[in-house]
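Trainee: Could you take one part of this model and go through it closely with me, beginning with a single side chain and working outwards? I would rather have one connected account than a list.

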Amino acid sequence: LFKNTLKFAASQNKYFRPFSTMNPSSTDSKEVKDMRISYDVGSLDESKMNKNPIDEFRTWLDGAIKCDKIVEANAMIICTASKDGFPSSRPVLLKEYDDKGFVFYTNYNSRKS
């Protein structure tokens, strides 16, 4: 079953490579344990934040849009929890926002649509 699952996954995604096809001695491979991006570029100081949360969000979004490394600055993860406290997350695309709130687009065929 596992081998069939890998074959199916590989046939669906041209970027998927089963572990058995990877060359661990390759010079372009990285050790998982050594992967780390430093996020020490600043801090969140409440006294410097905009009192209006929408305006503060606008500042954050504008910064993300200007960053060349962020392809879709409007892609976000929305998380909710059931009455029993079980979390659930889903990717969405922010399409509009104003003082009334946010408008997200999601996949209508997904379980959480």
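**The aromatic cluster and its surroundings**

Mentor: Phe104 is partly exposed, with a relative accessible area of 32%. Before building on that value, please keep in mind that this is a predicted model, in which the mean pLDDT of the protein chain is 79 and 73% of its residues reach 70 or more. Confidence varies along the chain: among its elements, helix H1 (residues 2-12) has the lowest mean pLDDT, 51, whereas H2 has the highest, 94.

Phe104 belongs to one aromatic cluster together with Phe57, Tyr97 and Phe102, and a search of the whole structure finds four aromatic pairs. One of these is formed by Phe57 and Tyr97, whose ring centres lie 5.2 Å apart with 85 degrees between the planes, an edge-to-face arrangement. This pair links distant parts of the chain, since Phe57 sits in helix H2 (residues 53-66) and Tyr97 in strand E2, with 40 residues separating them in sequence. The two partners also fall into separate accessibility classes: Phe57 counts as buried because its relative accessibility, 18%, is under the 20% limit, while Tyr97, at 22%, is over that limit and therefore counts as partly exposed. Phe102 and Phe104 have ring centres 6.2 Å apart and planes at 25 degrees, so this pair is stacked; the angle is under the 30 degrees that the term requires. Phe102, like Phe104, is partly exposed, with values of 37% for Phe102 and 32% for Phe104.

To see how the cluster is held within the fold, it helps to turn to the strands. Read along the sequence, the chain follows the pattern α-α-β-β-β, which is to say two helices and three strands. Strand E2 (residues 87-98) runs antiparallel to strand E3 (residues 101-105), and five bridges join them. Within this pairing Tyr97 stands opposite Phe102 in E3, while Asp98 has Gly101 as its bridge partner in E3. E2 and E3 form a hairpin, with two residues between the strands.

E2 also pairs with strand E1 (residues 75-81), again in the antiparallel sense, over seven bridges. Here Ile77 stands opposite Pro91 in E2, and the two strands form a hairpin with five residues between them, where Gly85 in the turn has a positive phi of about 90 degrees. E2 thus pairs with E3 and with E1. A residue of E2 that shows contacts in several directions is Val92, which, leaving aside neighbours within four places in sequence, is in contact with Asn74, Ala75, Met76, Ile78, Phe104, Tyr105 and Thr106. Our starting residue, Phe104, is therefore among the residues that Val92 touches at the 4.5 Å limit for a contact.

Val92 and Phe57 lead on to the interior, as both are members of the largest nonpolar core, whose seven residues also include Leu61, Ala64, Ala73, Met76 and Leu94. The elements that give two or more residues to this core are H2 and E2, and its largest share, three residues, comes from H2. Phe57 accordingly has two roles in this account, as a member of the core and as a member of the aromatic cluster. For a sense of scale, 12% of the 113 residues of the chain count as buried, and residues 24 or more positions apart account for 21% of the contacts with a separation of 6 or more.

What lies ahead of H2 in sequence can be illustrated by Asn50, which has its place in the loop between H1 and H2. Asn50 is partly exposed, with a relative accessible area of 36%, and, not counting residues up to four places away in sequence, it touches Asp55 and Glu56.

A last point concerns the cysteines, which a bench biochemist may ask about. A disulfide is a covalent bond between the sulfur atoms of two cysteines, and a search of the whole structure finds zero of them. Cys67 is partly exposed, with a relative accessible area of 31%, whereas Cys79 counts as exposed, because its 53% relative accessibility is over the 50% limit.

Note on methods. Residues are numbered from 1 along each chain as its sequence is written. This is a predicted model: local features need pLDDT of at least 70, side-chain atom pairs count only at pLDDT 80 or more; totals for chains, interfaces and linings use all residues. Side-chain values use heavy atoms; hydrogens and water are left out. Two strands pair if DSSP finds at least two bridges between them. Helices (H or I, at least four residues) and strands (E, at least two) are DSSP runs, numbered from the N terminus. A disulfide is a pair of cysteine sulfur atoms within 2.5 Å. Buried means under 20% relative accessible area, exposed over 50%, partly exposed in between (1.4 Å probe, protein chains only). Rings of Phe, Tyr and Trp (its six-membered ring) pair if their centres lie within 6.5 Å; planes under 30 degrees apart count as stacked, over 60 as edge-to-face and the rest as tilted. pLDDT is the predictor's confidence in each residue, from 0 to 100. A nonpolar core is a set of buried Ala, Val, Leu, Ile, Met, Phe, Trp, Tyr and Cys residues joined through side-chain atoms within 4.5 Å.
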